[in-house]
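Please open the structure in your viewer and keep the selection tool at hand, since this tour moves from one selection to the next.

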Amino acid sequence: MSKQKNIILIGFMGCGKTTCGKWIANNKPFDFIDTDQYIVDKERRSINEIFDHEGEPYFRRLETIVLKELLVSKDVRQKVFSVGGGLPITKENRPLLKQLGYVVYLRTSIDELVKRLNKDTQRPLLAGGNVRDKIISLMEKRKDIYEQIADKIIDTDGKDIKHIYEEITCDKWTKY
Ligand code: S3P
């Protein structure tokens, strides 16, 4: 399958994928799809409930199923996708993401992520214990993968949403 004209936002929890995705969808002729929301709608329960009742491997399988469904869907052009922070970590998902579109990694510092996620109650992988330690340990396993699969990396610290949006959409390929 050839590369679709879609934007795929990847990055750690709290890096701003959903906010940026919605912003792009409001300012460009793109629809917004959030894989977490897609899973929540399909399962009719929250991410916390899925993790609690079925465990993380089940959730990871759902992420792969969603990607495959999106790839075969006829209506998968001119979309901006926000994918869960752990989705690119499943090896099978990486070529699927690349097929789906142009992969943009929103890279955010640990300090900034801690600020944003300290009080979070929606992310099961950060529940209990020290949030900074959890972020550091997950990021250690993930950062090289995010960087390797990205077509473009944007450092988000200190940038407002409009600035990030402009960096994402300045590339020639997104101009119609
Ligand atoms: C996860 C990130 C979450 C969600 C789930 C697991 C992860 O999505 O998919 O809680 O493993 O990093 P966001 O990155 O949108 O918070």
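Which helix gives the most to the shell around the ligand? Select helix α4 (residues 56-72), which contributes three residues to that shell; helices here are DSSP runs of H or I with at least four residues, numbered from the N terminus. Before going on, note that residues are numbered from 1 along each chain as its sequence is written, and that side-chain values use heavy atoms, with hydrogens and water left out. This is a predicted model, in which local features need pLDDT of at least 70 and side-chain atom pairs count only at pLDDT 80 or more, while totals for chains, interfaces and linings use all residues.

Next, select the ligand and the 14 residues that surround it, each having a heavy atom within 4 Å of it. The closest are Lys 17, Asp 36, Arg 60, Arg 123 and Arg 142, and the shell divides into five nonpolar, three polar and six charged residues.

Now show the polar contacts, meaning pairs of N or O atoms within 3.5 Å. A side-chain N or O atom of Lys 17 is 2.6 Å from an oxygen atom of the ligand, a polar side-chain atom of Arg 60 lies 2.7 Å from a ligand oxygen atom, and a polar backbone atom of Gly 85 is 2.8 Å from an oxygen atom of the ligand. The protein covers 96% of the 380 Å² of accessible area that the ligand has on its own, by the Shrake-Rupley method with a 1.4 Å probe.

Finally, hide the ligand and look at the space it takes, which is the largest pocket. Of the 30 residues that line this pocket, those closest to its centre are Met 13, Thr 18, Asp 36, Gly 84 and Arg 123. A pocket is an open set of points on a 1 Å grid over the protein atoms alone, where a 1.4 Å probe fits, with protein on both sides within 12 Å along at least five of seven lines, and its lining residues have an atom within 4 Å of a point.

Notes. Polar contact = N/O pair within 3.5 Å; in protein donor to acceptor, adjacent residues only side chain to side chain. Sits in = over half its atoms within 2 Å of the grid points. Helix = DSSP H or I, 4+ residues; strand = E, 2+ residues; numbered from the N terminus. Nonpolar A, V, L, I, M, F, W, Y, C, P; charged D, E, K, R; others polar.
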